[in-house]
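Here is a walk through one protein chain, from its sheet to its annotated sites. Have the sequence and the 3D view open as you read.

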Amino acid sequence: MSLSEFALIKQYFSSVGGAEGVALGVGDDGAVLDITPDKQLVVSVDTLVAGVHFPQDAAPEDIARRTLRVNLSDMAAMGADARWFTLALTLPQAEADWLQAFSEAMAEDAQYFGCALVGGDTTSGPLSISIQMMGTVSRGQALVRRGAQAGDGVYVTGTLGEGAAALQVFSPGCSYNDSQREALLKRFYRPEPRLTVGRKLRGVASAAIDISDGLLADLGHIAECSGLGAELQLQQVPVAPWLTEAVNPDQLQSWVLSGGDDYELCFTVPESKQSLVDGMIHRGELLATRIGLMTSEPGIVCLDAEGQVQTVACKGYRHFN
Ligand SMILES: Nc1ncnc2c1ncn2[C@@H]1O[C@H](COP(=O)(O)OP(=O)(O)OP(=O)(O)O)[C@@H](O)[C@H]1O
Ligand SMILES: Cc1ncc(C[n+]2csc(CCOP(=O)(O)O)c2C)c(N)n1
Ligand SMILES: [Mg+2]
């Protein structure tokens, strides 16, 4: 029987680390490593494979921006300042035009987000791009998945569902109009890594993760790592109004809760900090919405507007499922 992505990692790789200087190893959005008495290095790696993470015929500039931003999203989830990255590129062929467009877009985004390419590896084979991202935080300031406590509020940045909705644009017979299509493609290829939010949440959030696999799956990681569960108020989960109008409610709910590819942050806040966070949201300093509560009972419970428990079938994207 084939193992799922997470069972595989747990069985074969979760106990390989554990050396001196490893403040946090396998199991979070990035590892946290002690480098100086007051600074820690945050490291993560994410691979994008043609046909799995983006369409085979995607433009080189789109692939470059998406790959960099998806990796920056893990730094945001850790509350880290992104600093340096390496690039491992596997290409079916070396085409000058493709490489020019890819490298120009990557350089432009790297400059915009304040990180620098410092090395990599180039091989021939099916199109696949890996970025290893390195960032820094002051010691003890990294946001981690395991820090939530029962009673903490659950929040999410931005809006959810557009990542999954964008996949329809790549299918024949897609029913979006031109401006919707454009907005979804932008969202898919240029997700906004929530680096500023991550920084603001240092010392405030008790746990954080970025939503790559879907809200239920990724909030599930915070819950599991913290030995807790969560209650989600479904009607509070933020969705772009135009998407609510354009898509049938069942389809929309599945995209919002389980679609993935949103690259927003989900984070938890202890009660003592909630008025601070709610004030920041109210003043427009933090683009986030409170969507639920951490509970001591394991599992994620979804509640509808009447407080009734709703069963949601698909929990999120998994490789090898
Ligand atoms: N082959 C591996 N060896 C060691 N650790 C791994 C391996 N694959 C994944 N991990 C670790 O397992 C955890 C979960 O990995 P995963 O790729 O799901 O990260 P994520 O941040 O949740 O998702 P995403 O890759 O979409 O950002 C991370 O801590 C990651 O570093
Ligand atoms: C062409 C195409 N088909 C499907 C998807 C959906 N998808 C693929 S991997 C993934 C989870 C995040 O990946 P990982 O866990 O590897 O970071 C999601 C939601 C896509 N993005 N592109
Ligand atoms: Mg992540």
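## The sheet and its edges

Strands S1 and S2 (residues 31-34) run antiparallel to each other and are joined by two bridges. One of the pairings to look for in this predicted model is Val22, which has Leu33 in S2 as its bridge partner.

Zoom out and that pair turns out to be part of an open sheet of six strands, ordered S1-S2-S3-S6-S4-S5, with mixed pairing. Strand S1 (22-24) and strand S5 (116-124) sit at the edges with a single partner strand each, so each has one side left without a neighbour in the sheet. Going from one strand to the next, the twist averages 20°.

## Two domains and where they touch

The chain splits into domain 1, covering 5-138, and domain 2, covering 145-310. Their centres, taken over C-alpha atoms, are 22 Å apart. Each side puts residues into the contact: 19 from domain 1 and 19 from domain 2.

On the domain 1 side, H2 is the biggest contributor, giving 12 residues to the face that touches domain 2. What kind of residues make up that side of domain 1? They break down into nine nonpolar, three polar and seven charged.

## Asp46 and Asp74

UniProt, in an unreviewed entry, lists Asp46 and Asp74 under "binding site". The two span 29 residues in sequence, yet their C-alpha atoms are no more than 8.9 Å apart, so they gather at one spot.

They come from separate elements: Asp46 belongs to strand S3 (residues 39-49), while Asp74 belongs to helix H2 (residues 60-78). Is each one buried or partly exposed? Asp46 has 19 other C-beta atoms within 10 Å and is partly exposed, because a residue needs 20 or more to count as buried. Asp74 has 27 such neighbours inside 10 Å, so Asp74 is buried.

Now for the company they keep, setting aside residues within four places in sequence. Asp46 is in contact with Val70, Asn71, Asp74 and Ile131. The contacts of Asp74 are Asp29, Gly30, Ser44, Asp46, Met133 and Asp210. So the two annotated residues turn up in each other's contact lists.

## From Asp74 across to strand S8

One of the contacts of Asp74 is Asp210, and Asp210 is part of strand S8 (residues 207-210). In that strand, Ala207 and Ile209 point one way and Ala208 and Asp210 the other, and all of them are buried.

S8 pairs with strand S10 (residues 265-269) in the antiparallel sense, over four bridges. Across from Asp210 in S10 you'll find Leu265.

## Asp213, just past the strand

The UniProt record also puts a "binding site" feature at Asp213, again from an unreviewed entry. Where does Asp213 sit? Look in the loop between S8 and helix H7 (215-226).

Asp213 has 23 C-beta neighbours inside 10 Å, so Asp213 counts as buried. Leaving out residues up to four places away in sequence, Asp213 touches Asp218, Gly260, Gly316 and Tyr317.

Notes
Residues are numbered from 1 along each chain as its sequence is written. Chains are lettered from A and ligands numbered from 1 in the order in which they are written. This is a predicted model: local features need pLDDT of at least 70, side-chain atom pairs count only at pLDDT 80 or more; totals for chains, interfaces and linings use all residues. UniProt positions are given in the numbering used here, feature names are shortened, and annotations may be inferred rather than shown by experiment. A residue is buried if 20 or more other C-beta atoms lie within 10 Å of its own, exposed if 12 or fewer, and partly exposed in between; C-beta atoms are placed from the backbone. Two residues are in contact if their C-beta atoms, placed from the backbone, lie within 7 Å. Two strands pair if DSSP finds at least two bridges between them. Axes are lines fitted to C-alpha atoms, for helices over the stretch in contact, and angles run from 0 to 180 degrees between N-to-C directions. Domain bounds come from an automatic or database domain assignment. Ala, Val, Leu, Ile, Met, Phe, Trp, Tyr, Cys and Pro count as nonpolar, Asp, Glu, Lys and Arg as charged, and the others, Gly among them, as polar.
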